[in-house]
Amino acid sequence: MAKEKQNREEKRQYILDRIQNMCYFDDDFMTKCFEGYKEGVELVLRIVMNDENLVVEKSHTQVVVKNLQGRSIRMDVTAVDGGSRQYDVETQRTDSGAKPKRARYNSSIMDANAILPGDDTEYLPETYVIFITENDVLGKNLPIYHIDRRIEETGELFGDEAHIIYVNGQIKDDTPLGKLMYDLGCTNPDDMNYKELAERARYFKIDKEGKRAMSKIVEDIVEKEMREERIEFAKNLLNNGKLTLEEIAECSGLTLEEVKAVKVLQPA
């Protein structure tokens with residue numbers, strides 16, 4: 001009983017430590033902070049778009065959108081401003097999640113779901129796919145990159161109103177954008193520049209109710225990570241070929257049926 005209580009306490013403390021080390025670049029933390037928080041989304045867009053008059057009419061987090069073939073993507077934050085411009089804002093810690101064709105795909109999905117069947121394509125809204133990346137994915141050491149289609153022969157903009165923006169989280173200078181990048185990577189709300197981000201982070205890191213809500217999310221993350229580790233362990237044991245399925249189940253902490261499922265999914 002004492003050992004079980006100690007394990008529970010160690011797990012609780014581990015989860016609390018994980019929360020304190022989270023920042024806006026952590027997908028789950030960012031999602032919770034921006035959930036139902038239009039003011040925070042508006043702050044980010046005003047700075048990235050360099051438009052202090054931008055007004056967000058509505059915003060949503062973790063929006064699942066499907067293409068015609070049924071393949072879905074999950075957009076971190078979507079928003080529509082007062083001018084009916086649509087935004088998809090993605091924060092990425094890994095470079096692989098922000099490759100150019102991912103941006104192209106997100107842009108195409110936004111277009112495919114922007115108008116009703118039979119509507120004239122001229123009704124397509126102006127769209128922005130914005131990748132805020134922890135690293136300088138495009139590698140030119142610029143704070144922000146604007147990508148638009150142009151007519152190659154003249155250099156003129158094509159004018160399709162589909163835009164892609166990459167923001168480099170590595171540059172944390174004294175500009176509004178640099179200060180925003182600092183805040184997105186900051187784990188301590190007291191050190192943040194923008195009160196809109198600091199207050200929301202403080203709620204989920206310090207406030208009792210907010211911390212309880214975030215603890216549940218982090219607990220689910222930990223459980224998922226532990227399950228993935230057990231599955232990888234079972235795969236290694238299966239590849240080794242020295243243990244029975246029953247023995248692998250006992251060693252890995254998976255059920256026998258789960259081990260059988262892992263075995264079936266192993267490449268031949």
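Gln62 is part of strand S1, which covers residues 56-66. The model described here is a predicted one. Although Gln62 is not a glycine, its phi is positive, at about 50°. Most residues other than glycine have a negative phi. A positive phi also appears at Ser84, again a residue other than glycine. Ser84 sits in the loop that runs between strand S2 (72-81) and strand S3 (86-92). The table sets out the two residues.

| Residue | Phi | Location | Relative accessible area |
|---|---|---|---|
| Gln62 | about 50° | strand S1 (residues 56-66) | 22%, partly exposed |
| Ser84 | near 65° | loop between strand S2 (72-81) and strand S3 (86-92) | 45%, partly exposed |

Gln62, at 22%, counts as partly exposed because buried means under 20% relative accessible area. Ser84 is likewise partly exposed, with a value of 45%.

**The chain as a whole**

The chain contains 9 helices and 6 strands. Its C-alpha trace spans about 70 × 50 × 35 Å along the principal axes. Of its 268 residues, 38% count as buried. The chain exposes about 16,200 Å², and carbon and sulfur atoms supply 49% of that area. Among contacts between residues at least 6 apart in sequence, 55% join residues at least 24 apart. There are 39 positive and 52 negative side chains. The centres of these two sets lie 6 Å apart.

**Nonpolar cores**

In soluble globular proteins, nonpolar side chains tend to be buried together. In this model the largest nonpolar core has 45 residues, and the members that touch the most others are Ile130 and Leu180. Helix H3 (residues 38-48) provides the largest share of this core, 6 residues. A second core, separate from that one, has 12 residues, including Ile109, Met110, Val129 and Tyr166.

Ile130 can be followed further through its contacts. With neighbours within four places in sequence left aside, Ile130 is in contact with Leu45, Val48, Met49, Tyr87, Asp88, Val89, Glu90, Ile165 and Val167. Among these partners, Leu45 and Val48 fall within the residue range of helix H3 (residues 38-48). Tyr87, Asp88, Val89 and Glu90 fall within that of strand S3 (86-92).

**Helix H6**

Helix H6 covers residues 195-205, and its buried residues are Leu197, Ala198, Ala201, Phe204 and Lys205. Seen down the axis of H6, these buried residues fall within an arc of 135°, so they line one face of the helix.

Definitions and conventions: Residues are numbered from 1 along each chain as its sequence is written. This is a predicted model: local features need pLDDT of at least 70, side-chain atom pairs count only at pLDDT 80 or more; totals for chains, interfaces and linings use all residues. Side-chain values use heavy atoms; hydrogens and water are left out. A nonpolar core is a set of buried Ala, Val, Leu, Ile, Met, Phe, Trp, Tyr and Cys residues joined through side-chain atoms within 4.5 Å. Buried means under 20% relative accessible area, exposed over 50%, partly exposed in between (1.4 Å probe, protein chains only). Helices (H or I, at least four residues) and strands (E, at least two) are DSSP runs, numbered from the N terminus. Contact means heavy atoms within 4.5 Å. The arc is that of the directions from the helix axis to the C-beta atoms. Accessible areas come from the Shrake-Rupley method with a 1.4 Å probe; for residues, only the protein chains shown count as cover. Lys and Arg count as positive and Asp and Glu as negative; His and the chain ends are not counted. The place of a charge is taken as NZ of Lys, CZ of Arg, CG of Asp or CD of Glu.
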